[in-house]
Amino acid sequence: MTADAIGTRTILEVVDPTADKIGTTATPLAPRLDTLDGKVLGLLSNSKPNAEIALQATAAKIKQRFPDVEVRLYHGSIRFEPSLLEQAIEVCDALIGANADCGACTSWLIHDGAQAEKAGVPQVTIVARGFERDAEASAKVFGVPDIQYVVVPRVYTALSRQQAVEQSEAVADDVIRLLTTQPDGSGDSPRAELVGDKQETYTFEGTDELEAVDAFNEFFVEREYGDGLPLYPPTRERVEAIIAAQGIPRDQLVLTVPPAHGHGTLEKLAVNAAMAGCLPQELPVVIAALKAILKCPPPMNLSVLMSTGAFAPVVLVNGPLAKRLGINGGRDPLGPGRNNRVGIRIGRAIGLALRNLGLWIPGRMDLDTIGTSRKFIQVLAENEDESPWEPFHVSRGFRPEDDTVTVLHSVGEWDLGSNHGDADIRIRSIVARTPTLTQVGFMTTTLGGLERQEDGLFYLFPPETAKRFSAAGLSKAAVARFLLHNIRPRISDVIAPFIDFHARGLIKREWEWLFELTPEEQRAQTIQAFIEPDTIQIAVAGSGTPKDFVFGTMTLPITEKVVAIP
């Protein structure tokens, strides 16, 4: 900060934190059709409630005007299998997609529509009101910024069959128009940016430093550059100090930041770290965590950040760097206060980078319905010193001296309480207290047709629990196996949220027997909730009493090595 020429005002200049470029090189729309008569019209259903009804109602209205159109329905999932999408693009002359009425499903339908447009096949997506910004942002991210969609007034999941038919029929003429008329402006120079009105730096002033900082914070929060808490001003001096410590050029592209894939140059990452109050040596942890988030495989790479569900990354740090930086793995590592200040500011920098470089902003590319405080991203270290087991990252193939971050995307968290008694009593108590809500992923992944199960559990055991198991001869892997095989909810509880899926024929054939049981049998019998061994993860954290803790997770762990400053 500097004083002006007469010394009565304080001037504060800060660096812009947002991406200079978002997405990839843009592609113009495919040519529109002269008529739909004699053409093949493909209906891309992502199998959400009322999706097929919406598409078939729209197609029926289209067929009234174009009786010679051939209609083909393709049953997919939130992310269409690439082979099925390729088949639809190859066979069809035009495509309609539905339902875009949640964050992830909107983005995946736009993704699939963009693939069609790039292949020369015109498409239209049916989007529910409230998800237009998601659709437009996703279109730019996936390289077809002019992608066409129609808007219906309500989300289909909230409608009866008749209501779904009525609101779909109402947009059929618009669908026809968008498939047969070249939009105004199509063919203009493609745009890859989604950066809005921005400046390289911003200047604020006040009668003193506090007033200038207040003005800066108010402006940044209003522009959605902040997370709602007071920000550290990213002055040029503070940003340059972080850049200088990294040993790479300031304009080097370190990564693209999801979900919008904004260009995360070293400078832009440093600005966001500075706003969180990070020290220069903490930025490599931020970068490693963002790289791990970026590596989340589809379809969860969009689902966990853009869903209407309350999902958020949690970050575990291992290796000597955690202790050098002061990241807490001992008492209360997920809490507030002095012991957690390093983890708090690293987590905050990750969140600010996702916001400003990846557009992870509520109502924009984060379509969460209710939200969660876990989106103030939690960062903790493993308590390696007190653990009787090998460190978490060693279990994943790294050396003890390696510095790593592991990212899992959490769907909820539960304190399992104190588990006293011998090892057998404790482990059975943990099984009994693990919430049933963490087990419903079994249906969507194992029964519902995805390639493999990714929903799971991430347990944090304090050293006292881990030592009790170890003294009884149980390795960490043995405890995880016991949990895997013994967390068994009632079949009635597991299938209850997915009765509609079964009615629409969306359950794998080998699991039909669950629905053929009588209600009494479904209530009396249990089933293993998790199939894949790596869906159960365990780390040692905290200190003091044997109070165990678990996150429900939407993704398998992704571990990234930290390239620390020498």
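**Helix crossings and buried residues**

Modeller: Let's start with Ile293, which lies in helix α10. Keep in mind that we are looking at a predicted model.

Biologist: Happy to. How do you know whether Ile293 is buried or exposed?

Modeller: Its relative accessible area is 3%. The cut-off for buried is under 20%, so Ile293 counts as buried.

Biologist: And which residues does Ile293 touch, leaving out those up to four places away in sequence?

Modeller: The contacts are Pro258, Leu305, Pro313, Ile350, Leu354, Val407 and His409. Phe66 gives a sense of scale: it is 227 residues from Ile293 along the chain, and their C-alpha atoms are separated by 46 Å.

Biologist: Ile350 and Leu354 sit in α13 as well. At what angle do α10 and α13 pack?

Modeller: They pack at about 50 degrees, and their axes are 9 Å apart. That value falls outside the ranges for roughly parallel (under 35), roughly perpendicular (65 to 115) and roughly antiparallel (over 145), so α10 is oblique to α13. The crossing of α10 past α13 is right-handed.

Biologist: Which residues of α10 and α13 meet there?

Modeller: Val285, Val286, Ala289, Leu290 and Ile293 come from α10, and Ile346, Ala349, Ile350, Ala353 and Leu354 from α13. By class, this contact has ten nonpolar residues, no polar and no charged ones.

Biologist: α13 also crosses α9. Why is that pair called oblique?

Modeller: The axes of α9 and helix α13 (residues 341-358) come within 8 Å and cross at roughly 130 degrees. Perpendicular stops at 115 and antiparallel begins over 145, so α9 and α13 are oblique to each other. This crossing is right-handed too. Lys268, Leu269, Asn272, Ala273 and Met275 of α9 touch Arg348, Ala349, Leu352, Ala353, Asn356 and Leu357 of α13. Here the classes are seven nonpolar, two polar and two charged.

Biologist: What about helix α1 and helix α5, at what angle do their axes cross?

Modeller: α1 (residues 51-65) and α5 (residues 161-169) have axes that come within 8 Å and cross at roughly 45 degrees. Since 45 lies between the limits of 35 and 65, α1 and α5 are oblique to each other. α1 passes α5 in a right-handed crossing. Ile53, Ala54, Ala57, Thr58 and Lys61 of α1 make the contact with Arg161, Ala164, Val165, Ser168 and Glu169 of α5. Five of the residues in this contact are nonpolar, two polar and three charged.

Biologist: Now to α8. Which residues of α8 (residues 236-244) are buried?

Modeller: Val239, Ile242 and Ile243 are. They span an arc of only 100 degrees around the axis, so they sit on the same side of α8.

Biologist: What does the face turned away from that buried side carry?

Modeller: Glu237 and Ala244, both exposed. As for the buried residues of α8, their cover includes β2 (10-15), α9 (266-275) and α10 (283-294).

Biologist: One last check, on Thr265 in strand β10 (residues 262-265). Why is Thr265 called buried?

Modeller: Its relative accessible area is 16%. With the cut-off at under 20%, Thr265 is therefore buried. Its contacts, again not counting residues up to four places away in sequence, are Arg250, Asp251, Gln252, Leu253 and Val254.

Key
Residues are numbered from 1 along each chain as its sequence is written. This is a predicted model: local features need pLDDT of at least 70, side-chain atom pairs count only at pLDDT 80 or more; totals for chains, interfaces and linings use all residues. Side-chain values use heavy atoms; hydrogens and water are left out. Axes are lines fitted to C-alpha atoms, for helices over the stretch in contact, and angles run from 0 to 180 degrees between N-to-C directions. Helices (H or I, at least four residues) and strands (E, at least two) are DSSP runs, numbered from the N terminus. A crossing is left-handed if the near helix is turned anticlockwise from the far one by less than a right angle, and right-handed if clockwise. Contact means heavy atoms within 4.5 Å. Ala, Val, Leu, Ile, Met, Phe, Trp, Tyr, Cys and Pro count as nonpolar, Asp, Glu, Lys and Arg as charged, and the others, Gly among them, as polar. Buried means under 20% relative accessible area, exposed over 50%, partly exposed in between (1.4 Å probe, protein chains only). The arc is that of the directions from the helix axis to the C-beta atoms.
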